[in-house]
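Me: Hi! Could you walk me through this one while I have the viewer open?
Reply: Happy to. Here is what we'll be looking at.

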Amino acid sequence: MNLKIVQNFDSSFTLEPEAKSILYKLLQNETFLNQICQNLNCQAIEFTELLFQPVPYSLTTPKGMPSEFEQYHQSDEYAIINVPPNFMFNAKIFKPSRLCAIYRKIR
């Protein structure tokens, strides 16, 4: 089996305003926020409105995310979650096929 090394991956994307609005509402839904808090053992959490497309692992992206988001991965004050596929479908977002959302833990 041969592995293909990706040198450059364009992680930029643009969401249509209506799709973005629907997705943000879903990501800020109280039931969903409570579910995240249970999994993270925190009192509260808020959506930072930061989204990114996961990228292939490489020498420049060892965490599988654009380098400007690695600061959130390294911080205990933030959590990065995969946007649930049903949220993407409900918002009618098909490109990109996967997104990650960044939440700030409130202590």
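**Helices, sheet and details**

Reply: Helix H1 (residues 17-27) lies across E1 and E3, and its direction makes an angle of about 150° with E1. Do keep in mind that this is a predicted model.

Me: Thanks! And H2, which strands does that lie across?
Reply: H2 lies across E1, E2 and E3, and runs at about 100° to E1.

Me: What order do the strands of the sheet come in?
Reply: The order is E1-E3-E2, in an open sheet of three strands with antiparallel pairing. E1 and strand E2 (78-82) are at the edges with a single partner strand each, so each has one side without a neighbour in the sheet.

Me: How much are neighbouring strands turned against each other?
Reply: On average by 30°, ignoring direction.

Me: How many bridges are there between E2 and E3?
Reply: Five, and the two strands pair in the antiparallel sense. As a reminder, strands in a sheet pair through backbone hydrogen bonds, in either a parallel or an antiparallel way.

Me: Which residue in E3 is the bridge partner of Tyr 78?
Reply: That is Arg 104. Arg 104 also forms a salt bridge with Glu 46, with 2.6 Å between the closest N and O atoms.

Me: Nice. Where do those two sit in the fold?
Reply: Glu 46 belongs to strand E1 (residues 44-52) and Arg 104 to strand E3 (residues 100-106), so the salt bridge ties together parts that are 58 residues apart in sequence.

Me: How accessible are the side chains of that pair, Glu 46 and Arg 104?
Reply: Glu 46 is partly exposed at 33% relative accessibility. Arg 104 is partly exposed too, with a relative accessible area of 30%.

Me: How many salt bridges does the count come to?
Reply: One salt bridge, the count says.

Me: Changing topic: how many disulfides?
Reply: Zero. Cys 42 is in no disulfide, and the nearest cysteine sulfur is that of Cys 37, 3.7 Å away. A disulfide needs the two sulfur atoms within 2.5 Å, so the sulfur of Cys 37 at 3.7 Å does not qualify.

Me: Is Cys 42 buried or exposed?
Reply: Buried, at 18% relative accessible area. The cut-off for buried is under 20%. Cys 100 is buried as well, with a relative accessible area of 7%.

Me: Now the backbone. Where is there a cis peptide bond?
Reply: Between Lys 95 and Pro 96, where omega is about 0°. Pro 96 is in the loop between helix H4 (85-90) and E3.

Me: Which residue in that loop between H4 and E3 should I click on next?
Reply: Try Lys 92, which is placed in that loop. Lys 92 is not a glycine, yet has a positive phi of about 60°. Lys 92 also counts as exposed, at 64% relative accessibility.

Me: And what about the phi of Asn 41?
Reply: The phi of Asn 41 is positive at about 55°, although Asn 41 is not a glycine. You'll find Asn 41 in the loop between helix H2 (30-40) and E1.

Me: Asn 41: buried or exposed?
Reply: Exposed, with 71% relative accessibility. In the sequence, the next residue along is Cys 42, which is buried at 18%.

Me: Great, that covers my list. Thanks!
Reply: Any time!

Notes: Predicted model: local features only at pLDDT ≥ 70, side-chain atom pairs only at ≥ 80, totals over all residues. Heavy atoms only, no water. Buried < 20%, exposed > 50% of the residue type's maximum accessible area, 1.4 Å probe, protein only. Salt bridge = Lys/Arg side-chain N within 4 Å of Asp/Glu carboxyl O. Helix = DSSP H or I, 4+ residues; strand = E, 2+ residues; numbered from the N terminus. Pairing = 2+ DSSP bridges. Axes fitted to C-alpha atoms, helices over the stretch in contact; angles between N-to-C directions. Contact = heavy atoms within 4.5 Å.
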